[in-house]
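Biologist: I'd like to know where the labels on this model come from. Can you take me through the reasoning?

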Amino acid sequence: MQLALTNYKLTQIEYYSPDNDATTKRLVEPFALYSTQENWLLIAWCRLRMDFRSFRLDRIKTLNLLDEQFEPQKMSLQEYFKICLEKSSQPLT
């Protein structure tokens, strides 16, 4: 995963979601790894959802680095967290 992050390699993952007991294939552009008290998470731009997503590392079934490189994001991890905080504080409509 570190190689994908540092070399901006498009990555294909198979990700397990316990909510619907399904595994999906995703093409992701890795952005950052971070640890919570319980889990390690990959933050990545998901080409399926066309948005940033967090993926628990223990739910990634397979991971393949592709030859394709992507353009790095123009923001810091702190800016990403700020955007997430703003999204979560918006009222539901």
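Modeller: Here are a few labels and the values behind them; keep in mind that this is a predicted model.

Biologist: Okay, rings to start with. Why is the pair of Trp 45 and Phe 52 called edge-to-face?

Modeller: Their ring centres are 5.4 Å apart, and a pair needs centres within 6.5 Å. The planes sit at 85°, and over 60 degrees counts as edge-to-face, so that's the label. The whole structure has 8 aromatic pairs, and ring pairs link Trp 45 and Phe 52 into a cluster with Phe 31, Tyr 34, Tyr 80 and Phe 81.

Biologist: What makes Phe 52 buried?

Modeller: Its relative accessible area is 15%, and buried means under 20%, so Phe 52 makes the cut. Trp 45 has 22%, so by that cut-off Trp 45 goes down as partly exposed.

Biologist: Now the cysteines. How do you know that Cys 84 has no bond to Cys 46?

Modeller: Their sulfurs are 14 Å apart, while a disulfide needs them within 2.5 Å, so that's too far for a bond. Searching the whole structure gives 0 disulfides. As for cover, Cys 46 is buried at 0% relative accessibility, whereas Cys 84 is partly exposed at 31%.

Biologist: And what makes Leu 65 partly exposed?

Modeller: Leu 65 has a relative accessible area of 34%; partly exposed runs between 20% and 50%, so the label fits. Leu 65 is in strand β5, and with Leu 3 and Leu 63 forms a nonpolar surface patch of about 240 Å² accessible area together.

Notes. Residues numbered from 1 in each chain as written. Predicted model: local features only at pLDDT ≥ 70, side-chain atom pairs only at ≥ 80, totals over all residues. Heavy atoms only, no water. Patch = residues over 30% accessible without salt bridge, like charges linked within 9 Å, V, L, I, M, F, W, Y side chains within 5 Å. Areas by Shrake-Rupley, 256 points an atom, 1.4 Å probe, with all protein chains shown as cover. Salt bridge = Lys/Arg side-chain N within 4 Å of Asp/Glu carboxyl O. Helix = DSSP H or I, 4+ residues; strand = E, 2+ residues; numbered from the N terminus. Buried < 20%, exposed > 50% of the residue type's maximum accessible area, 1.4 Å probe, protein only. Phe/Tyr/Trp six-rings, centres within 6.5 Å; stacked < 30°, edge-to-face > 60°.
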